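Here is my note on the model you sent. The points are numbered so that you can reply to each in turn.

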Amino acid sequence: YAPLAIFAPLYLLESSPWHDPLEFFAYLRERLEMGGPVFIKAGQWGSTRYDLFPVALCDELNKLTQSSPAHALGATVEILEDSFGKQIHDVLEIEDKPLASGSVGQVYRAKLKDVGDCVVKVQHPNLDNVMSLDFWILYGFSLFTDDLVARFVENGFRTNRALKQFKHHMEDQLDFELEEE
């Protein structure tokens, strides 16, 4: 993410010969996608904050709500087998392509024996570990930025506190039983 910080002034300052905020916003969105679920979710949140960010940035970040990178069907099959055993194939048949892929999982059309059509939602593989690492990195960064801001601003924004709230929100989204209710 260092290139974002380094090149932001070149793209965002009107006096710069490389002034092109739309290109910079697209680059930012692409980096968030590459960053994985925590960064995608942060971008999705940013897409709703027209009160904080330029309209063009919110519109670009909104693309993160349309689709997220999908994992392979083999990973889905492995997750289902790990959760329900190999006998899952006796009662459930899923389509090869997901209907949609989000920041924490993807959804498939399926047929459940003796029931009929249904939808199956599967978390992305290794999601807990990926999110733990992402939040560990972000916490370290937030401690640094909070300390830096506190040196210059008496009542500065507390990134660490906001990050803890964001993490709690994401953990709720990982509990598919909560979502079911």
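1. How much space lies in the second largest pocket? About 300 Å³. Keep in mind throughout that this is a predicted model. The lining of this pocket comprises 13 residues, and those closest to its centre are Leu-80, Phe-84, Val-120, Lys-121 and Val-122. Two elements, α6 (73-84) and β4 (116-123), each give two or more residues to the lining. The top contributor is β4, with five residues. By class, the lining has 10 nonpolar, two polar and one charged residues.

2. Now the overall layout. The protein chain has 10 helices and four strands. Along the sequence the order is α-α-α-α-α-α-α-β-β-β-β-α-α-α. There are 181 residues in the protein chain, and 33% of them count as buried. Take the contacts between residues at least 6 apart in sequence: 46% of these join residues at least 24 apart.

3. Next, the cores. In soluble globular proteins, nonpolar side chains tend to be buried together. Here the largest nonpolar core has 19 residues. Which of them touch the most other members? They are Leu-32, Val-38, Met-131, Phe-135, Phe-166 and Met-170. Five helices give two or more residues each to this core: α2 (21-35), α3 (37-47), α4 (55-61), α8 (127-152) and α9 (159-174). Another core, of eight residues, lies apart from it. Among the members of that eight-residue core are Leu-80, Ile-94, Val-120 and Val-122. Three of these names also came up in the pocket: Leu-80, Val-120 and Val-122 are among the lining residues closest to the pocket centre.

4. Phe-135 deserves its own point. Leaving out residues up to four places away in sequence, Phe-135 touches Val-38, Leu-163, Phe-166, Lys-167 and Met-170. Val-38, Phe-166 and Met-170 are also listed with Phe-135 among the core residues that touch the most other members. Ring pairs also link Phe-135 with Tyr-139 and Phe-166 in a cluster.

5. On the aromatic rings in general: a search of the whole structure finds four aromatic pairs. One of them joins Phe-24 and Phe-25, whose ring centres are 6.4 Å apart; their planes lie at 65 degrees, so this pair is edge-to-face. Are Phe-24 and Phe-25 buried or exposed? Both are buried. Trp-45 and Phe-53 form another pair, with centres 6.3 Å apart and planes at 85 degrees, so this one is edge-to-face as well. Trp-45 has 42% relative accessibility and therefore counts as partly exposed. Phe-53, at 29% relative accessibility, counts as partly exposed too.

6. Helix α3 is mostly covered, with nine of its 11 residues buried. Which residues of α3 are buried? They are Pro-37, Val-38, Phe-39, Ile-40, Lys-41, Gly-43, Gln-44, Gly-46 and Ser-47. Note that the list includes Lys-41 and Gln-44 alongside Val-38 and Ile-40. What do the buried residues of α3 pack against? Their partners are α2, α4, α5 (63-66), α8 and α9.

7. A spot check on α5. Lys-63 lies in this helix. Its relative accessibility is 42%, so Lys-63 counts as partly exposed. The C-alpha atoms of Lys-63 and Gln-44 are separated by 8.3 Å, although these residues are 19 apart along the chain. Gln-44 is one of the buried residues of α3.

8. Last, two backbone angles to look at. Where is Asp-114 found? This residue is in the loop between β3 (105-112) and β4. Phi of Asp-114 is near 70 degrees, a positive value in a residue other than glycine. Asp-114 counts as exposed because its relative accessibility is 78%. Asn-126 is found in the loop between β4 and α8. Phi of Asn-126 is near 60 degrees, again a positive value in a residue other than glycine.

Methods:
Residues numbered from 1 in each chain as written. Predicted model: local features only at pLDDT ≥ 70, side-chain atom pairs only at ≥ 80, totals over all residues. Heavy atoms only, no water. Phe/Tyr/Trp six-rings, centres within 6.5 Å; stacked < 30°, edge-to-face > 60°. Buried < 20%, exposed > 50% of the residue type's maximum accessible area, 1.4 Å probe, protein only. Core = buried A, V, L, I, M, F, W, Y, C linked by side-chain atoms within 4.5 Å. Contact = heavy atoms within 4.5 Å. 1 Å grid on protein atoms, 1.4 Å probe; cavity = no way out; pocket = protein on both sides within 12 Å on 5 of 7 lines; lining within 4 Å. Points joined across faces, edges and corners; volume = space filled by probe spheres on them. Nonpolar A, V, L, I, M, F, W, Y, C, P; charged D, E, K, R; others polar.
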